[in-house]
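Visitor: I should like to be guided through this structure, one question at a time. May we begin with the terms that the answers will require?

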Amino acid sequence: MADSAQAQKLVYLVTGGCGFLGEHVVRMLLQQEPQLRELRIFDLHLGPWLEELKTGPVQVTAIQGDVTQAHEVAAAVAGAHVVIHTAGLVDVFGKTSPETIHEVNVQGTRNVIEACVQTGTRFLVYTSSMEVVGPNIKGQPFYRGNENTPYEAVHRHPYPCSKALAEQLVLEANGRKVLGGLPLVTCALRPTGIYGEGHQIMRDFYHQGLRLGGRLFRAIPASVEHGRVYVGNVAWMHVLVARELEHRAALMGGQVYFCYDNSPYKSYEDFNMEFLGPCGLRLVGTRPLLPYWLLVFLAALNVLLQWLLRPLLLYAPLLNPYTLAMANTTFTVSTDKARRHFGYEPPFSWEESRTRTIRWVQAMEGSAQ
Ligand SMILES: NC(=O)C1=CN([C@@H]2O[C@H](COP(=O)(O)OP(=O)(O)OC[C@H]3O[C@@H](n4cnc5c(N)ncnc54)[C@H](O)[C@@H]3O)[C@@H](O)[C@H]2O)C=CC1
Ligand SMILES: C[C@@H](CO)CCC[C@@H](C)[C@H]1CC[C@H]2[C@@H]3[C@H](O)CC4=CC(=O)CC[C@]4(C)[C@H]3CC[C@]12C
């Protein structure tokens, strides 16, 4: 896409462009993609912040739409050079039915692929997830693994099942002929747990800590390591892949890449404390305060309560058997595939990612007072 004749000629579509990751991708594209002429942002819920983007040199088109509606997707995709498909239902708390998760994540992705084929869009970047690999239902550790590390990827939960199916659709679509006869080039990015400005679960932990008098209680051993990645680096990898897909189609087409950076490997709770600590919260206990069997019991109790209360209200706490298993299983990625294939280097260092996230939590604190 680096052809100078194409300067400011490209039309990009970002699905889910008003979500946590999507907003960072949108802002990154406007800052870092000089060839952009029009940026279409497709989302079920459009954010008010989009208005401020409309005054810049790039035409910003906000499209309120639903990825499960094939005709809405096709209308949005028509004429786009590149689609970055981040829209998805991220629900591991039982807020939505498994059928809805499947409909949005799998059928929605199928609609995006078909729209590319029917309208002649050649480049599709899909936001997959580390969850496509694991942790699996056996809770086996994945330690410093890369894209080729053997691992028994077996899932039962609707979210990872849906991401795995959607990723497979995207990869299988690589090479399909689009309108005009040229081949579709697709690629899937698998972020580990994303953090940064706008992260809802971090917000939930912060507010929980405030309610508990500035304390959070350790539930997971510090020895369980998670790989996490800063949202700005994930956004940059999407922008770079979108830019490089045309010139490196033979190498990158149909490939998966973990999304990684230099954030330290830590337990989920210890990692969150890197940001919540400087904002006045304290993690109580050097070891889990409750025995694991009791956590398992409480997680199962939460499932029962969710089911019993469903006719009255939505009860969706952070702790359930799936999130407990996730939090309690080591899953760390160590790879350089994205660097080798398309020159990815994380633009935000760990120090900068940390500082930006702390500032965001502090601003939240200010607004809460
Ligand atoms: N948050 C994380 O730690 C990770 C997220 N991912 C993936 O990244 C992508 C973005 O996730 P987040 O930004 O965290 O989630 P998010 O919930 O903040 O953003 C998703 C966006 O998709 C939109 N959306 C949902 N259903 C839609 C529909 N039917 N039609 C159109 N738009 C719809 C939502 O309105 C939202 O703006 C997802 O595909 C997710 O699976 C992957 C790895 C880690
Ligand atoms: C037992 C609790 C005590 O404090 C801690 C519960 C933490 C969980 C809510 C999180 C632990 C691991 C997280 C997931 C992980 O980061 C990978 C993910 C990838 C995605 O694609 C979507 C989000 C998530 C499933 C993420 C969700 C929250 C956790 C389960």
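Guide: A polar contact is a pair of N or O atoms within 3.5 Å. The model shown here is predicted, and this cut-off will serve when we consider its ligands.

Visitor: How far does a polar side-chain atom of Glu-269 lie from an oxygen atom of ligand 2?

Guide: Glu-269 is one of the closest residues among the 18 that surround ligand 2. A polar contact requires N or O atoms within 3.5 Å. The distance from a polar side-chain atom of Glu-269 to an oxygen atom of ligand 2 is 2.9 Å.

Visitor: Which residue has a polar side-chain atom 2.7 Å from an oxygen atom of ligand 2 and is also listed among the closest to ligand 1?

Guide: The closest residues to ligand 1 are Leu-21, Asp-43, Asp-66, Tyr-159 and Lys-163. Those closest to ligand 2 are Ser-129, Glu-131, Tyr-159, Gly-193 and Glu-269. The name found in both lists, with a polar side-chain atom 2.7 Å from an oxygen atom of ligand 2, is Tyr-159.

Visitor: Is Ser-129 buried or exposed?

Guide: Ser-129 is placed in the loop between β5 (123-127) and β6 (142-145), and an N or O atom in its side chain is 2.7 Å from an oxygen atom of ligand 2. Along the chain, Ser-129 and Ala-164 are 35 residues apart, yet their C-alpha atoms are separated by 8.3 Å. Buried means under 20% relative accessible area. Because the relative accessibility of Ser-129 is 7%, this residue counts as buried.

Visitor: Which residue has a side-chain N or O atom 2.8 Å from an oxygen atom of ligand 1?

Guide: Ligand 1 is surrounded by 25 residues. Two contacts involve the backbone: a polar backbone atom of Phe-20 is 2.9 Å from an oxygen atom of the ligand, and a polar backbone atom of Thr-86 is 3.0 Å from an oxygen atom of the ligand. The side-chain atom at 2.8 Å belongs to Lys-163.

Visitor: Which peptide bond is cis, with omega near 0°?

Guide: The loop between β5 and β6, which holds Ser-129, also holds Pro-135. The cis bond leads to this proline, and the bond in question runs from Gly-134 to Pro-135.

Visitor: What is the phi value of Arg-144?

Guide: Arg-144 is placed in strand β6, and at 27% relative accessibility this residue counts as partly exposed. Its phi is positive, although the residue is not glycine, and the value is near 50°.

Visitor: How many disulfides does a search of the whole structure find?

Guide: A disulfide is a covalent bond between the sulfur atoms of two cysteines. The cut-off applied here is a pair of cysteine sulfur atoms within 2.5 Å. The search of the whole structure finds 0.

Visitor: How far from Cys-116 is the nearest cysteine sulfur?

Guide: Cys-116 is buried, with a relative accessible area of 0%. This residue is in no disulfide, and the nearest cysteine sulfur belongs to Cys-187. The distance to that sulfur is 13 Å.

Visitor: Which element gives the largest share of the lining of the second largest pocket?

Guide: The second largest pocket holds about 340 Å³ of space. The elements that give two or more residues to its lining are α4 (98-119), α10 (292-309) and α11 (321-327). The largest share, 4 residues, comes from α10.

Visitor: How many residues of the lining of that second largest pocket are nonpolar?

Guide: The lining has 20 residues, with Phe-93, Gly-94, His-157, Val-303 and Gln-306 nearest the centre of the pocket. Of the lining residues, 2 are charged and 7 are polar, while the nonpolar ones number 11.

Visitor: How far apart are the C-alpha atoms of Ala-299 and Asn-320?

Guide: Ala-299 lies in helix α10 and is buried, with a relative accessible area of 1%. Ala-299 and Asn-320 are 21 residues apart along the chain. Their C-alpha atoms are nevertheless separated by 4.2 Å.

Visitor: Where is Leu-245 found?

Guide: At 0% relative accessibility, Leu-245 counts as buried. Its C-alpha atom is 8.7 Å from that of Leu-124, 121 residues away along the chain. Leu-245 is found in the loop between α7 (231-244) and α8 (249-252).

Methods: Residues are numbered from 1 along each chain as its sequence is written. Chains are lettered from A and ligands numbered from 1 in the order in which they are written. This is a predicted model: local features need pLDDT of at least 70, side-chain atom pairs count only at pLDDT 80 or more; totals for chains, interfaces and linings use all residues. Side-chain values use heavy atoms; hydrogens and water are left out. Buried means under 20% relative accessible area, exposed over 50%, partly exposed in between (1.4 Å probe, protein chains only). On a 1 Å grid over the protein atoms alone, a cavity is a set of points where a 1.4 Å probe fits but cannot get out, and a pocket is an open set with protein on both sides within 12 Å along at least five of seven lines; lining residues have an atom within 4 Å of a point. Grid points are joined across faces, edges and corners, and a volume is the space filled by probe spheres set on the points. Ala, Val, Leu, Ile, Met, Phe, Trp, Tyr, Cys and Pro count as nonpolar, Asp, Glu, Lys and Arg as charged, and the others, Gly among them, as polar. A residue is near a molecule or strand if one of its heavy atoms lies within 4 Å of it. A polar contact is a pair of N or O atoms within 3.5 Å; within protein, one must be able to donate a hydrogen and the other to accept it, and residues adjacent in sequence count only if both atoms are side-chain atoms.
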